[in-house]
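Subject: Handover of a structure and the findings on it

Dear colleague,

Please find below the structure that I am handing over to you. My notes on what was found in it follow directly after.

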Amino acid sequence: MRTRALNILKSHGCEHKILLPLYTSLIRSILDYGSPIYELASASHLKLLDPVRNSALRIPTGAFRISPTASLCAET
């Protein structure tokens, strides 16, 4: 999931208006689908999902790697 969906986001040199719905349909839908079992997962497993979400959020927003993730989540 990670590389395929992220590569789709990276390959589309589109505007924010197009990339954000792509993020919602490709990445966030998968994360939301698994959300009922998040409370059963260990913290180490949940930490594996954070880089995927963070890098997927940075692509449509155009944010730098040093941008706080909380602000990225609030913006999107």
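In which segment does Thr 76 lie? Thr 76 is placed in the segment after H4. Please keep in mind throughout that this is a predicted model.

Thr 76 and its surroundings

With a relative accessible area of 31%, Thr 76 is partly exposed, because buried means under 20% and exposed over 50%. Leaving out residues up to four places away in sequence, Thr 76 touches Leu 20, Leu 57 and Thr 61. Between Thr 76 and Leu 57 there are 7.6 Å from C-alpha to C-alpha, and the two are 19 residues apart in sequence.

Leu 20, one of those partners, belongs to helix H2. Its relative accessible area is 18%, so Leu 20 is buried. Apart from neighbours within four places in sequence, Leu 20 is in contact with Pro 60 and Thr 76. Leu 20 and Leu 57 are separated by 37 residues in sequence, yet their C-alpha atoms are 8.4 Å apart in space.

Helix H2

Helix H2 covers residues 16-33. It consists of 18 residues and reaches 24 Å from its first C-alpha to its last, which is close to the 26 Å expected at 1.5 Å a residue. H2 has a kink of about 35 degrees, and this kink is centred on Ile 27. Ile 27 is also buried, as are Leu 19, Leu 20, Leu 22, Tyr 23 and Leu 31 in H2.

Helix H3 and the loop that follows

Helix H3 runs over residues 43-61. Its 19 residues reach 27 Å from the first C-alpha to the last, close to the expected 27 Å at 1.5 Å a residue. The buried residues in H3 include Val 52, Ala 56, Leu 57, Arg 58, Pro 60 and Thr 61.

Asn 54 also lies in H3. Its relative accessibility is 13%, and Asn 54 therefore counts as buried. Neighbours within four places in sequence aside, Asn 54 is in contact with Thr 69 and Leu 72.

Just after H3, Gly 62 takes a positive phi of about 75 degrees. Ala 63 is found in the loop between H3 and helix H4, the latter being residues 69-75. At 24% relative accessibility, Ala 63 counts as partly exposed, because the buried class ends under 20%. Without its neighbours within four places in sequence, Ala 63 is in contact with Arg 58 and Leu 72. Leu 72 is thus a contact of Ala 63 and also of Asn 54. The C-alpha atoms of Ala 63 and His 16 are separated by 11 Å, with the two residues 47 apart along the chain.

Helix H1

Helix H1 comprises residues 2-11, and Ile 8 is found in it. Ile 8 has a relative accessible area of 30% and is partly exposed. From Ile 8 to Ser 25 there are 11 Å in space, C-alpha to C-alpha, and the pair are 17 residues apart in sequence.

The largest pocket

Which residues line the largest pocket? The lining is made up of Tyr 23, Arg 28, Leu 31, Asp 32, Ser 35, Tyr 38, Leu 46, Leu 49, Asp 50 and Arg 53. Sorted by class, these comprise 5 nonpolar, 1 polar and 4 charged residues. Helix H2 and helix H3 each supply at least two residues of this lining. Two of the lining residues, Tyr 23 and Leu 31, are buried residues of H2. The volume of the largest pocket is about 180 Å³.

Yours sincerely

How values were computed
Residues numbered from 1 in each chain as written. Predicted model: local features only at pLDDT ≥ 70, side-chain atom pairs only at ≥ 80, totals over all residues. Heavy atoms only, no water. 1 Å grid on protein atoms, 1.4 Å probe; cavity = no way out; pocket = protein on both sides within 12 Å on 5 of 7 lines; lining within 4 Å. Points joined across faces, edges and corners; volume = space filled by probe spheres on them. Helix = DSSP H or I, 4+ residues; strand = E, 2+ residues; numbered from the N terminus. Nonpolar A, V, L, I, M, F, W, Y, C, P; charged D, E, K, R; others polar. Buried < 20%, exposed > 50% of the residue type's maximum accessible area, 1.4 Å probe, protein only. Contact = heavy atoms within 4.5 Å. Expected span 1.5 Å × (residues − 1). Bend = angle between axes of the 7 residues up to and from the residue.
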